[in-house]
Amino acid sequence: MRFERHIQLSCYQRYYILSQTSDAEQIAKNAKRKVGHIYSEFVGILAIFTAMSFAMMGSVQVLGNLFHDVKLWGIASIGYALIIGGIYVNIMYIIIMTLLVGIKKLYGNDEKDAKYKFTTGIVTLVISVSMLMIIAGLAFLKIMK
């Protein structure tokens, strides 16, 4: 009788130890997956913001080169500045939105969530402001002729 109880006790202990190790293995796998996911997200976000900073610094350098030779600020210079500024606003908006759409596609949870929804009010505002700048620049140039 006593020997039988020892065998039952050892079977219970074995079952308990196996269940604990399987739970620990599952927890370790989940933690490893989460850490790997965090690292990949960090690298992806770092790369996207690096691309954004390079794009913005490059565009500032281009604008600096365009306006480098402007010595006298007259109506014609203001006209050129407005035209270039309007084009610059459109280009920067397109670059930033492309990067944000890329982020959304990389980190969207499912297919429905992966599509970026543009706010029509903001898109209309950006296009309107840039077109207004270009039209005003053309008007300044026409006044000079």
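A nonpolar surface patch is formed by Phe42, Val43 and Leu46, with about 320 Å² of accessible area together. Patches are assembled from residues with over 30% relative accessible area and no salt bridge, with like charges joined within 9 Å and nonpolar side chains (Val, Leu, Ile, Met, Phe, Trp, Tyr) within 5 Å; a salt bridge is a side-chain nitrogen of Lys or Arg within 4 Å of a carboxyl oxygen of Asp or Glu. Accessible areas were obtained by the Shrake-Rupley method with a 1.4 Å probe, and for residues only the protein chains shown count as cover. The model is predicted, with local features requiring pLDDT of at least 70 and side-chain atom pairs pLDDT 80 or more, whereas totals for chains, interfaces and linings use all residues. Residues are numbered from 1 along each chain as its sequence is written, and side-chain values use heavy atoms, with hydrogens and water left out.

Within the patch, Val43 belongs to helix α1 (residues 2-66) and is exposed, its relative accessible area being 53%. The classes are buried (under 20% relative accessible area), exposed (over 50%) and partly exposed (in between), with a 1.4 Å probe and protein chains only. For the chain as a whole, about 11,800 Å² is exposed, and carbon and sulfur atoms supply 70% of this area. Buried residues account for 16% of the 145 residues.

The secondary structure consists of three helices and zero strands, arranged along the sequence as α-α-α. Helices (H or I, at least four residues) and strands (E, at least two) are DSSP runs numbered from the N terminus. Of the contacts between residues at least 6 apart in sequence, 77% join residues at least 24 apart, where contact denotes heavy atoms within 4.5 Å.

Contacts between helices α1 and α2 are illustrated by Met52 and Ile96. Met52, also in helix α1, is buried, with a relative accessible area of 12%. Beyond residues up to four places away in sequence, Met52 touches Ile96 and Leu99. The C-alpha atoms of Met52 and Ile95 are 7.8 Å apart, although the two are 43 residues apart in sequence. Ile96 is located in helix α2 (residues 75-107) and is partly exposed at a relative accessible area of 25%. With the same sequence exclusion of up to four places, Ile96 touches Met52 and Met56. Ile96 and Ala51, separated by 45 residues in sequence, have a C-alpha to C-alpha distance of 9.7 Å.

Helix α3 (residues 120-144) comprises 25 residues, and its end C-alpha atoms are 36 Å apart, in agreement with the 36 Å expected at 1.5 Å a residue. The expected span is 1.5 Å times one less than the number of residues. Its buried residues are Val126, Ser130, Ile134, Gly137 and Leu141.

Ser130, in helix α3, has a relative accessible area of 0% and is therefore buried. Its side chain makes a polar contact with the side chain of Asn90 at 3.1 Å. A polar contact is a pair of N or O atoms within 3.5 Å; within protein, one must be able to donate a hydrogen and the other to accept it, and residues adjacent in sequence count only if both atoms are side-chain atoms. Apart from residues up to four places away in sequence, Ser130 touches Gly86, Val89 and Asn90.

Val123 is likewise found in helix α3, but counts as partly exposed at 22% relative accessibility. Neighbours within four places aside, Val123 is in contact with Tyr93 and Phe118. The C-alpha atoms of Val123 and Asn90 are separated by 10.0 Å, the residues being 33 apart along the chain.
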